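Q: Can you walk me through this one? I have the structure open and need a hand reading it.

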Amino acid sequence: MRRRREPPAAHAATLRRVKITIDTDTGTLQRDGEQLGLLTPEGFEALSHLWTTVGWQQKYSYRFSWLGRPIIQLPSDIVRVQEAIYEIKPDLVIETGVAHGGSLVLYASVLRAIGRGGRVIGIDIDIRPHNRTALDAHELIDDIDLVVGSSTDPQTIARVHEMAGGAERVMVLLDSDHTGRHVTAELEGYADLVTPGSYLVVADGIMRDVADVPRGKPEWSHDNPLTAVEGFLARHPEFVRTTPPLPFDESLTHWDPTHWPGGWLRRLAD
């Protein structure tokens, strides 16, 4: 039985012209003429790239919540953050971009579960009233501080630095405006808060891969979080790009479906 996946005719002009042919009779997958074993790590990676792209178009990540608050992240990225927090055991997690607050609740719940007594700071230029009301009523609100203001405003940056005073281990996640210019300003504004050995995480590098789908924008091909990361790494050798180590891994593949490709940066020990 053979199944062919090609872009719908109506979207052919906007999607990347990649032809994938899956042959379950022979157990092969052809991608632009390159033949891969369907049931191999390489086959899984090829299908995962396609699945992640289609899932982004279909807003798949918009169907999940954490302890009652929408989180808008892929489950695999949620699990990876949990593993990183458990590894580092920070006493402060800072995130730009609040939306519904699900990510803030995730970080607070993990910190409380490991008995770290940590705090979470969420920064957003606009926290909508219904989200603020829901967060204020949440069981974990005592562990969460909300800062309203542009994450790149010098006053906001200074305020967050003041709030972070005394924290021994700090982890920072950037998930607000995803233009290269904005992410660059956030990286420069908050990187110094990341303690040696901890992580600076830049979300939604997938934008570079979905610039040509209907929900994307052509400029995302060059104006995206990964362009900011690459420039930042060239200026800051104290950070390296690396994903957190897996505490348990019996998988045959080394590929994770993710919206954050290339977004994990670890600060080297002094």
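**Helices, sheet and a histidine**

A: Sure. Start with two helices: the axes of α6 (residues 180-190) and α7 (residues 225-235) come within 8 Å and cross at roughly 40 degrees. Keep in mind that this is a predicted model.

Q: Is α6 parallel, perpendicular or oblique to α7 then?
A: Oblique. Angles under 35 degrees count as roughly parallel, and 65 to 115 as roughly perpendicular. The crossing is at roughly 40 degrees, so α6 is oblique to α7.

Q: And is that crossing right-handed or left-handed?
A: α6 passes α7 in a right-handed crossing.

Q: Which residues of α6 and α7 meet?
A: From α6, look for Gly 180, Val 183, Thr 184, Leu 187 and Glu 188. They meet Pro 225, Thr 227, Ala 228, Val 229, Phe 232 and Arg 235 in α7. By class, this contact has six nonpolar, three polar and two charged residues.

Q: Let's try another pair. How do the axes of α2 and α3 cross?
A: At roughly 40 degrees, and the axes come within 10 Å. α2 covers residues 75-88, and α3 covers residues 102-113. This crossing is right-handed.

Q: Which residues make the contact there?
A: α2 brings Ile 78, Val 81, Gln 82 and Ile 85. α3 brings Leu 106, Tyr 107, Val 110 and Leu 111. Seven of these are nonpolar, one is polar and none is charged.

Q: New topic: the sheet. In what order do the strands run?
A: Seven strands form an open sheet, in the order β9-β8-β7-β10-β11-β13-β12. The pairing is mixed.

Q: Why do β9 and β12 each have one side without a neighbour?
A: β9 (144-148) and β12 (239-241) stand at the edges. Each has a single partner strand, so one side is left without a neighbour in the sheet.

Q: In what sense do β8 and β9 pair, parallel or antiparallel?
A: Parallel, over five bridges. β8 spans residues 119-124. Ile 123 stands opposite Val 147 in β9.

Q: How much are neighbouring strands turned against each other?
A: By 20 degrees on average, direction ignored.

Q: Back to α7. Which strands does α7 lie across?
A: β11 (199-202), β12 and β13 (264-267). α7 runs at about 135 degrees to β12.

Q: What about His 236: where is that?
A: His 236 lies in the loop between α7 and β12.

Q: Is His 236 buried or exposed?
A: Buried. The relative accessible area of His 236 is 16%, and buried means under 20%.

Q: How far is His 236 from Ala 191?
A: Their C-alpha atoms are separated by 9.5 Å. Along the chain, the two are 45 residues apart.

Methods. Residues numbered from 1 in each chain as written. Predicted model: local features only at pLDDT ≥ 70, side-chain atom pairs only at ≥ 80, totals over all residues. Heavy atoms only, no water. Axes fitted to C-alpha atoms, helices over the stretch in contact; angles between N-to-C directions. Helix = DSSP H or I, 4+ residues; strand = E, 2+ residues; numbered from the N terminus. Left-handed = near helix turned anticlockwise from the far one by under 90°. Contact = heavy atoms within 4.5 Å. Nonpolar A, V, L, I, M, F, W, Y, C, P; charged D, E, K, R; others polar. Parallel < 35°, antiparallel > 145°, perpendicular 65-115°, else oblique. Pairing = 2+ DSSP bridges. Buried < 20%, exposed > 50% of the residue type's maximum accessible area, 1.4 Å probe, protein only.
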